[in-house]
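Good morning, colleagues. I should like to take a few minutes to go through one structure, beginning with its charged pairs and ending with two loop positions.

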Amino acid sequence: MNYTKHVVAALMGAYCMASHAGLVNDIPSCYTASKIGVPIPAPQTELFVAIDQTTPLDATLQQSVRENVGRLITPGAAYVMASFSSFGQGHYLQVLSAGTLEAPVPDKMRDDISVKALTNFDACMKGQLDYGRKAAAGSLGQAMTGASPDFAKSDILAAMKELSSRVRQSTATNKIVFLVSDTLENSSISSFYANRNVRNIDPVVELKKAEAAQQIGDFGGARVFILGAGLIQDGSAGKSKDSGVYRDPKTMQNLRQFWSKYFEKSNATLVDFGAPALLSPVR
């Protein structure tokens, strides 16, 4: 019972049904397919990746995103890949793929399973891991390829509140939110831009605006990592090149303080604020 024959058929059906992607587990279960009579273990880690499509990344930052995500797509982990930009332009928060990579059968239970069943199960699990990594990488590439500085608005707060409801429902003990975004809100709630640069915001004032607009979420105790904060794109130089304009430390500190307080209010902890690169790995 490996990832061939009827299991492959189930996988391909799940992978190709784009309209249903992310609504259910896109990765068929080896425990269910093999019928080994062992309960499916719950994932201990769940990774939620949110790609802001108003924030194109250069090759170095894209590689950092891939490496950090790839490191966490392991047996016993679940993932959700999503993209967003502006509700008004039809680019609302969209889950592109969601799946669970099952943990192996505990050693103490393996002796109670036939050698043949275990052989088939182990082969299935290897195929599941390969398939899951490819599915996650494909969704990640789709989201980053679709990024453009030409979107007029960026509804980051609304996207985060919507995502938080999904994060809160996770039963994983380790919930991780990886936000890839310039973190520059540009909506009817507020704009963090000024003269094609990052506006020096007042974190307290902006947090009150978010609260007044009912954009505070509940992430259920998740830890948050941000990559891309403060990026300003130069449209004339190409969509993936930073403009090179100077962002002074005080302005960036206020931006960080706002998001730190926002996630604190939303029952989460901001661990790393990559401006634009992460200083520590997502884990």
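**Salt bridges, two loops and the overall chain**

Let us begin in helix α7, where K209 and E206 are both found, three residues apart, or about one turn of the helix. Please bear in mind throughout that this is a predicted model. The side chains of K209 and E206 form a salt bridge, with an N to O distance of 3.3 Å. How do the two partners stand with respect to solvent, buried or exposed in part? E206 has a relative accessible area of 4%, so it counts as buried, the limit being under 20%. K209, at 33% relative accessibility, is partly exposed.

E206 has a further partner. Its side chain also meets that of R199 in a salt bridge, here at 2.9 Å from N to O. R199 has a relative accessible area of 25% and is therefore classed as partly exposed, since that class runs between 20% and 50%.

I turn now to another pair, K265 and E211, whose side chains are joined by a salt bridge of 3.3 Å, N to O. This pair links distant parts of the chain: K265 belongs to helix α8, residues 249-265, and E211 to helix α7, with their positions 54 residues apart. K265 is partly exposed, with a relative accessible area of 48%, and E211 is likewise partly exposed, at 34%. Returning to the earlier residues, salt bridges with shared partners join R199, E206 and K209 into one network. For the count as a whole, there are six salt bridges.

K265 brings us to the first of the loop positions, G217. Which residues does G217 touch, once those up to four places away in sequence are set aside? They are K161, S164, Y262, K265 and S266. G217 itself sits in the loop that runs between α7 (203-212) and β7 (222-227). Its relative accessible area is 15%, and because this is under 20%, G217 is buried. One may also consider G217 together with A158: they are 59 residues apart along the chain, and their C-alpha atoms are separated by 9.1 Å.

The other loop position is S181, placed between β4 (174-180) and β5 (193-194). Is S181 buried or exposed? S181 is buried, as its relative accessible area is 0%. The side chain of S181 makes a polar contact with the side chain of D52, at 2.8 Å. Apart from neighbours within four places in sequence, S181 is in contact with D52, T55, I156, I226, L227, G228 and A229. D52 thus appears in both descriptions, as the polar partner and as a member of the contact list.

Let me close with the chain as a whole. Its secondary structure consists of eight helices and eight strands. The protein chain has 283 residues, of which 49% count as buried. How much of the contact set with a separation of 6 or more comes from residues 24 or more positions apart? The share is 79%. As for the surface, the protein chain exposes about 13200 Å², and carbon and sulfur atoms supply 53% of that area.

Thank you for your attention.

Conventions: Residues are numbered from 1 along each chain as its sequence is written. This is a predicted model: local features need pLDDT of at least 70, side-chain atom pairs count only at pLDDT 80 or more; totals for chains, interfaces and linings use all residues. Side-chain values use heavy atoms; hydrogens and water are left out. Helices (H or I, at least four residues) and strands (E, at least two) are DSSP runs, numbered from the N terminus. Buried means under 20% relative accessible area, exposed over 50%, partly exposed in between (1.4 Å probe, protein chains only). Contact means heavy atoms within 4.5 Å. Accessible areas come from the Shrake-Rupley method with a 1.4 Å probe; for residues, only the protein chains shown count as cover. A salt bridge is a side-chain nitrogen of Lys or Arg within 4 Å of a carboxyl oxygen of Asp or Glu. A polar contact is a pair of N or O atoms within 3.5 Å; within protein, one must be able to donate a hydrogen and the other to accept it, and residues adjacent in sequence count only if both atoms are side-chain atoms.
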